[in-house]
Amino acid sequence: MSILRQRLTVSGQVQGVGFRPFVFRLAAAHALSGLVRNTPQGVAVEVQGTWEALEAFVLDLREKLPPLARIVTLTAEDLPPVPDETGFSIAESAPGRGHNVLISPDAATCPDCLAEMNDPADRRFEYPFTNCTNCGPRWTITRAIPYDRPVTSMACFPMCPECEREYHDPADRRFHAQPNACPVCGPKVWLTDRDGAPLAEGPEALGLLARELAAGKIAAIKGLGGFHLSCDAADARATAELRRRKQRPAKPLAVMVPDLDAARRLALVSPAEEGILAGVERPIVLLAKAPGAALSPDVAPDTDFVGLMLPYTPLHHVLLRRCAEAFGPDRATALVMTSGNRSSEPICLGNREALRRLGHIADVFLLHNRDILVRTDDSVLRVHPDTGLPLFLRRARGFTPAPVFLAQDGPTALGLGPELKCSLCLTKGPAAFVSQHIGDMENLETMDFHREVLAHLEDVLQVRPEIVVHDLHPDYMTTPLAAELAAQRGLPRTALQHHFAHIHAALAENRHQEPALGLALDGTGYGLDGTIWGGECLFVDPLELDHQRLAHFTPFRLPGGEAAVREPWRIAQSLLWDLGLREPEAWWPWRRDRAQASDFLPQVLERGLNSPVTTSCGRLFDGVSALLGLCPVISYEGQAAILLEKAQDMAETRAYPCPLRTGGDPAVLDTLALFRHALDDLRQGAPAGVIARRFHLGLVQGLADLAAAFGHVLGIAHVALSGGVMQNLTLARELPQALAGRGLVPLVHTQVPPNDGCISLGQAVYGQRLLELGKI
Ligand code: ZN
Ligand code: ZN
Ligand code: FE
């Protein structure tokens, strides 16, 4: 029987995830000799044995991967056999420059670790920092690569002899688990009051915290990527108080429950939703509330949905167990877990910082001494009911820094993101690394966070950008930031219009390289003509970088500018003005509370004072919502549209007409017709639910007809869908169906959010391509 030898080179997420012990066990199972070692490119495996055994080994290597491992490339080359080789070994890491290893995102506690934590005889019984190569913190504790303990925030915890033994034993689940720790040598928790005075430490701290929560107190809890603010989710008084102190009147609050059974008591959970809820990423999943769910009405007042998540750290598991004891058998164990920040500021990171910034919100603080190196919020998504795929609202913990794999290789480009829901993106070869959600770039704290994230991502990826791409908006804080970076580093920079960036992002994650149509259904973005765009039909050639604005929504004015965004009634009145209703009428829903401001608006509109022109889709939703009296004023972004979507009477089947006017260039989708018909119906006494439904149906059909018309003329079948309005589940379901029904192929976001969280991806791939073409 002839003996062969092969060298396999594996790249991807293959370090710090138990890959070498896995290879070691696999080689033994197939009676192969050889060795495995970490290299700058990933992992190199040399295996020797029969052809059949080698074949079976490679098959298993691909198919039986450890939970956190991901193979991106696997290449094989033949080597001369080594005579008399016996056994298989794990060799020293090969030194060298360059790096192609992916740091794993943070992963939820694995079943093996959980079993140890539940076993009173185990040395890690209820230890809140238990982890192994299959689970635990990664991204949030890693400073740089190569990923070794000294570059993590575990550097200051020398391992005890028992942990040390596990760490060096190739057969152990904790072989080279960098965050390995136990109660003897690892991080510790303690509880303090709002002044930082200690109340309890160790296991007693979690017991006392649970009793405080049971008594209606509000706690700040240090977690994986930052602090949470927490209280009993069934306690109406505590949730109202949390809202008051956090100055967050209505935006939904996320809730953590112990397990899937508990989730099913609060929400209707489909099998696809269960899979994502319980997956290693553990995002917050928006689920339909169960009838009679034991939740304070304050948790999610505007919607039929509730954001649930399962515990993702050992600390959460122990805390929820203590809460179950403290709350007693008659009360559900469900904790509000909302980001520990003041509205619009980044999530808190350090112990002292939390005491300073959250002292006026929380009564008690659960602290620990493992540092968080980079802020990372919880991810938020819904599961698309038809496809079972994620629809991201916020992409962060559990997903960052897993890359979006592109169709093409290229130089490293940096996309800085827009103003709101900002992320940034660095490309490295054919992979695009979209950062965690950074937030709204409206204050210095968020600007600093943006800088932190860029520095961290550059360190972990070991790349430096060759071009900087920013939004076209002159007043976004990312624009001077781009100028500053470009000047500091001597790099070219360029601006990309917001909605072209949206469409580039959608095309990139679908690896679509042909010319395509794009529907950008968005809030606002600075347009090429200086007006505010947001309801756009675009042509994009992602390789040649040809861009064209084919059509847009009927333009209207935003009286008061930003004030109109906060007060949708102004938009309704502006649209009524466009229909010729210039004098305020008594029946307008906002006349009761805002007669004075409303009386003043005709003068503003007449003179065009501070009334920017927009084609925004999101603002059109706001206007209709206000017309129906659903939401004259918003307290969080998207609120008016959320209420309009919720109001729909799904038994209704008629759609308002929304015709395409092709006279000019660009063409105009007559979205004012939708508003006019809503007004007519309202005057005839039609219920809000019927009007809301007819509006949604009309918009979907109008958009699909528009895409079909241009698709026919240009010979294009693919239509990329992006923009914040695509978070609307009605559009996310019905628009792709309507496009498919007209023979078109919808391309949607499943890896990054359709909202402005995707802009940095579009900017980065555009910059990468621009360098490739030598156009800059
Ligand atoms: Zn584990
Ligand atoms: Zn130890
Ligand atoms: Fe946008």
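User: Happy to look at this predicted model with you. What arrangement do the four donor atoms around the zinc ion (ligand 2) make?

Analyst: Good place to start. The angles subtended by the four donor atoms at the zinc ion (ligand 2) run from 104 to 117°. Four donors count as tetrahedral if all angles lie between 85 and 135 degrees. The arrangement around this ion is therefore tetrahedral.

User: Which residues are the protein donors of that zinc ion (ligand 2), and what spacing do they follow along the chain?

Analyst: The donors are the SG atoms of Cys160, Cys163, Cys182 and Cys185, lying 2.2 to 2.4 Å from the zinc ion (ligand 2). Along the chain, the donors of this ion follow the spacing C-x2-C-x18-C-x2-C.

User: Where do Cys160 and Cys185 lie, and how many residues apart are they?

Analyst: Cys160 is in the loop between α3 (111-117) and α4 (161-168), and Cys185 is in the loop between α4 and β6 (189-193). Both cysteines are buried. The pair links distant parts of the chain, with a separation of 25 residues.

User: Turning to the zinc ion (ligand 1), which residues coordinate it, and what is the arrangement?

Analyst: Cys110, Cys113, Cys132 and Cys135 coordinate the zinc ion (ligand 1) through their SG atoms, at 2.3 Å. The donors of this ion follow the spacing C-x2-C-x18-C-x2-C. Because the angles between its four donor atoms span 103 to 120°, the arrangement is tetrahedral.

User: Is Cys110 buried or exposed?

Analyst: Buried means under 20% relative accessible area. Cys110 has a relative accessibility of 7%, so Cys110 counts as buried.

User: Let's move to the sheets. In the open sheet of five strands, what is the strand order, and which strands stand at the edges?

Analyst: The five strands come in the order β4-β1-β3-β2-β5, with mixed pairing. From one strand to the next, the twist averages 15°. Two strands each have a single partner, so one side of each is left without a neighbour in the sheet. Those edge strands are β4 (70-79) and β5 (88-90).

User: In what sense do β1 and β3 pair, and which residue of β3 is the bridge partner of Val10?

Analyst: Strand β1 (residues 4-13) and strand β3 (residues 42-49) are joined by seven bridges, and the pairing is antiparallel. The bridge partner of Val10 in β3 is Val43.

User: Which strands does helix α2 lie across, and at about what angle does it run to β1?

Analyst: Helix α2 (residues 51-63) lies across β1, β3 and β4. Helix α1 (residues 19-29) lies across β1, β2 (33-39), β3 and β5, running at about 175° to β5. For α2, the angle to β1 is about 5°.

User: Which residues touch the most other members of the largest nonpolar core, and which helix gives the most to it?

Analyst: The largest nonpolar core has 61 residues, and those touching the most other members are Leu519, Leu521, Phe621, Leu703 and Leu735. Beyond its neighbours within four places in sequence, Leu519 is in contact with residues including Leu703 and Leu735. The helix that gives the most to this core, with 10 residues, is α20 (residues 688-714).

User: What about Leu406: where does it lie, and is it buried or exposed?

Analyst: Leu406 lies in the loop between β18 (404-405) and β19 (413-415). Leaving aside neighbours within four places in sequence, its contacts include Thr427, Ala432 and Val765. With a relative accessible area of 5%, Leu406 is buried.

User: That brings us to the open sheet of six strands. What is its order, and which strands stand at the edges?

Analyst: The order is β18-β21-β20-β19-β22-β23, with mixed pairing. β18 pairs with β21 (residues 431-434) in the antiparallel sense over two bridges, and Val404 stands opposite Ala432 in β21. Two strands each have a single partner strand, so each has one side without a neighbour in the sheet. The edge strands are β18 and β23 (493-496).

User: Last one: which residue in the turn of the β25 and β26 hairpin has a positive phi?

Analyst: Strands β25 (residues 532-541) and β26 (residues 546-553) run antiparallel and are joined by six bridges, with Asp541 opposite Asp546 in β26. The hairpin has four residues between its strands. The turn residue with a positive phi, of about 60°, is Leu545.

Technical notes: Residues are numbered from 1 along each chain as its sequence is written. Chains are lettered from A and ligands numbered from 1 in the order in which they are written. This is a predicted model: local features need pLDDT of at least 70, side-chain atom pairs count only at pLDDT 80 or more; totals for chains, interfaces and linings use all residues. Side-chain values use heavy atoms; hydrogens and water are left out. Donors are N, O and S atoms within 2.8 Å of the metal (3.2 Å for Na, K and Ca); water is not among the atoms, so sites may look incomplete. Four donors count as tetrahedral if all angles lie between 85 and 135 degrees; four count as square planar and six as octahedral if opposite donors are over 155 degrees apart and all others between 65 and 115; anything else is irregular. Buried means under 20% relative accessible area, exposed over 50%, partly exposed in between (1.4 Å probe, protein chains only). Two strands pair if DSSP finds at least two bridges between them. Axes are lines fitted to C-alpha atoms, for helices over the stretch in contact, and angles run from 0 to 180 degrees between N-to-C directions. Contact means heavy atoms within 4.5 Å. A nonpolar core is a set of buried Ala, Val, Leu, Ile, Met, Phe, Trp, Tyr and Cys residues joined through side-chain atoms within 4.5 Å.
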